[in-house]
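Reader: I am new to this structure and would be grateful for a close look at a single part of it. Please explain each term as it arises, and then set that part beside its surroundings.

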Protein chains: 2
Amino acid sequence: MSTDPRLDRLAETAIRVGLGLAPGQELVMTAPVEALPLARLITEHAYKAGASLVTTLLSDDVSALARYKYGREESFDTASGWLFEGMAAAFRNNAARLAIVGDDPTLLSGQNVEHVSRANRARSKAYRPALELISSSAINWTIVAASTPAWAKAVFPDDAPDAAVAKLWDAIFKASRVDNDDPVAAWAAHNKTLHARCDFMNGHRFASLHFRGPGTDLKVGLADGHAWMGGASPAKNGIMCNANIPTEEVFTTPHMLRTEGYVAASKPLAHQGTLIRDIRVRFENGNIVEAHASTGEEVLNRMIGTDEGARRLGEVALVPHANPIGQTGILFLNTLFDENAACHIALGQAYAQCFENPNLPEDELTRRGANRSLIHVDWMIGNAETDLDGIKPDGAVVPLMRQGAWV
Amino acid sequence: MSTDPRLDRLAETAIRVGLGLAPGQELVMTAPVEALPLARLITEHAYKAGASLVTTLLSDDVSALARYKYGREESFDTASGWLFEGMAAAFRNNAARLAIVGDDPTLLSGQNVEHVSRANRARSKAYRPALELISSSAINWTIVAASTPAWAKAVFPDDAPDAAVAKLWDAIFKASRVDNDDPVAAWAAHNKTLHARCDFMNGHRFASLHFRGPGTDLKVGLADGHAWMGGASPAKNGIMCNANIPTEEVFTTPHMLRTEGYVAASKPLAHQGTLIRDIRVRFENGNIVEAHASTGEEVLNRMIGTDEGARRLGEVALVPHANPIGQTGILFLNTLFDENAACHIALGQAYAQCFENPNLPEDELTRRGANRSLIHVDWMIGNAETDLDGIKPDGAVVPLMRQGAWV
Ligand SMILES: [Zn+2]
Ligand SMILES: [Zn+2]
Ligand SMILES: [Zn+2]
Ligand SMILES: [Zn+2]
């Protein structure tokens, strides 16, 4: 792969478009060990862009599995707090954050659900200080993807291993807009389109959104003073970054107590190694009061039981059905891609910067309806049959999408 | 390699003999990414031994090189302090420490010497809090080796890559005493031999040692109240560990102001990516006053210029010439092996526990002659012609080695 010019373009796009890495800035990267060729190219581009230091933390699925195979009971409440605290310290010192994702979406599906849930909970808690700096965009950050054998096998189970990896790379390159000579220009044009959509939504100042489709009739109240975001946006350190490569969404913060109705997921959710299929939930006063899934229901219920905020919405995002990722027709089993193929909602932590004033203090955020949680889990609710209306504070209804397309 | 039973035995030896990992203890491991198969097996054995969590930090030579190729001038004074602080925090929380070494001994030999030296200095400074916890044995720790393509190529340049890697593995397994059915028993016997040698040396209470050989006439004064150590020893957390796999040495702390004379290295020193050949130095009042090398002299001079303690001794160690590592006849270009093939000295930081009272406060350590430095660099001075005498406080001379063998 190291000679594919698209891989080098993806690395350059990650640094220049995703992070907008500033000269002198430190970079903290995480990556699955199988993504090492991409991590190496990103490291090169980071130094070329003036990085003061690049530190890559490589993760290994086989080692992660050993814990579930051989670990003692107490092990599952332990997390490497010292490492996450270190990352938080780096971010407080203005280090940029880059994550390469490529995880096996079914890695933990055979393991003890209670152990997986406890381990995730311990990890989320330890990671929280670092995650808050990321989710509040204290620093510039981005996520890009690498095709790995295990992920490719889950997405293309009928292909030979090498063919599956190559097909997934093709899809990643296309979705990440690096299958052309000038990805930086392509991203500039794409960011312009997303910014125009945000301006449109912000101009309307909707009180709520109304989703309708098969199995779905959901009113999502928006937070008071919310703002729509999408595409490149400035981190609090002043650097413009694209936090997701790819990204197709415009998104904002719902009011945590104002979601009503029922909703059916339009795609399976790959959550921490388990595939949850056919999610159906019902909301009352912003809280999930009923949750079902045809597979992975136990994992779903443990997830929404993480804390009080885990059963409330922290994000609502709009993506037209006809978009480069959705059009591949591929179920990526990875949030970064699947959430950008369809309208989605997220349970858990809200993005503090999705407000007209992006620097609100914590208590003011809560007063305006921004949710707090250890988790932030996106799942897909849009498809080719999604109808969406915006509802103004005076009750006026503005049609926004019909059959998955912007009107 | 993953099916070679010796690899699994090396992993088990690392956990049971090297670390003596305690149930419930966290483990922090570092490894070159090429050593992943060994790291995975060590992770398994750690969980089987009751580890609460294993975190592996994988390093990558190609990424490390990118910094020297593309990094800006300021980059070379930067270190990932947040990561090293995190490691120190883990050790303060009683995490065990395991390092897999397998580095390319010539990785940085083509790079700007000043950049390499500055980067090492910045790293050493940032690593110091963690290193002090290791070198004072606050926690149980160990180092084991893995054969990697780059290291194997440097050791066996005339062999085909795969053959070189296999030959180096053979040598590692043999030196690490895992080429037999019961490595744990083999290590118990070996530790007994080393402990007997320590008892012998400690019984004599020598004031100094006198090394003679080709190019060498060196008197090394020993620290007041020093103690000889070797083989398994208890860390301050009460756990018996073998800090080096393999180990053949008995060692103690010299008095930092009492080394006199000249000494020639008996093997090249692979120091942070550069090979330093034919080191010759002269000491006066414990300090190096003259230093030469046939290659790498600039690196040598920068190393001893790191700080005041870098030109003084922090360790003296005795290894008979006839031992399993020396007998391979291989120049490993790696301190873990080469230092255990021959008598050696180390410049820089002393081991605080090499005293009759292993819990002396810092100022008392200094008063007794224990050296302090950001560095601790071992290099080999013994060979088949080494004669060694012990000198008692009253001047009496006790012959210890003749022609590299214990008398
Ligand atoms: Zn989203
Ligand atoms: Zn989200
Ligand atoms: Zn030594
Ligand atoms: Zn040493």
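**A metal site in chain B**

Author: The site of the zinc ion (ligand 4) is irregular, with angles of 56 to 144° among its four donor atoms. Four donors would count as tetrahedral if all angles lay between 85 and 135 degrees; four count as square planar and six as octahedral if opposite donors are over 155 degrees apart and all others between 65 and 115, and anything else is irregular. The model is predicted, so local features need pLDDT of at least 70 and side-chain atom pairs count only at pLDDT 80 or more, whereas totals for chains, interfaces and linings use all residues. Residues are numbered from 1 along each chain as its sequence is written, chains are lettered from A and ligands numbered from 1 in the order in which they are written, and side-chain values use heavy atoms, leaving out hydrogens and water.

The donor atoms come from E315(B) (OE), H376(B) (NE2) and D378(B), which contributes OD twice, at 2.0 to 2.6 Å. A donor is an N, O or S atom within 2.8 Å of the metal (3.2 Å for Na, K and Ca); water is not among the atoms, so sites may look incomplete. Along the chain, the spacing of these donors is E-x60-H-x1-D. E315(B) also bridges to the zinc ion (ligand 3), which lies 3.4 Å from the zinc ion (ligand 4).

Two of these donors differ in their exposure. D378(B) is buried, at 8% relative accessibility, while H376(B) is partly exposed, at 24%. Buried means under 20% relative accessible area, exposed over 50%, and partly exposed in between (1.4 Å probe, protein chains only).

The strand nearby in the numbering is strand 17 (residues 376–380) of chain B, in which four of the five residues are buried. Helices (H or I, at least four residues) and strands (E, at least two) are DSSP runs, numbered from the N terminus. Strand 17 of chain B pairs with strand 16 (residues 344–348) of chain B in the antiparallel sense, over five bridges; two strands pair if DSSP finds at least two bridges between them. One such partnership joins H344(B) to M380(B). In a regular strand, side chains alternate between the two faces of the sheet.

Chain A also holds a zinc site. The zinc ion (ligand 1) has as protein donors E249(A) (OE), E315(A) (OE), E339(A) (OE) and H344(A) (NE2), lying 1.9 to 2.7 Å from it. Its four donor atoms make angles of 68 to 142°, and this site is irregular. The donor residues are spaced E-x65-E-x23-E-x4-H in sequence. E315(A) coordinates both the zinc ion (ligand 1) and the zinc ion (ligand 2), which are 3.4 Å apart. E249(A), in the loop between strand 8 (240–241) and strand 9 (250–252) of chain A, is 66 residues from E315(A), in strand 15 (residues 313–318) of chain A, and the pair links distant parts of the chain. Both are buried: E249(A) has 5% relative accessibility, and E315(A) has 2%.

Elsewhere, charged side chains sit over rings in chain A. R197(A) places its charged end over the ring of W406(A), 3.6 Å from the centre, and R123(A) lies over the face of Y127(A), 5.1 Å from the ring centre. The criterion is that NZ of Lys or CZ of Arg be within 6 Å of the ring centre and within 35 degrees of the ring normal.
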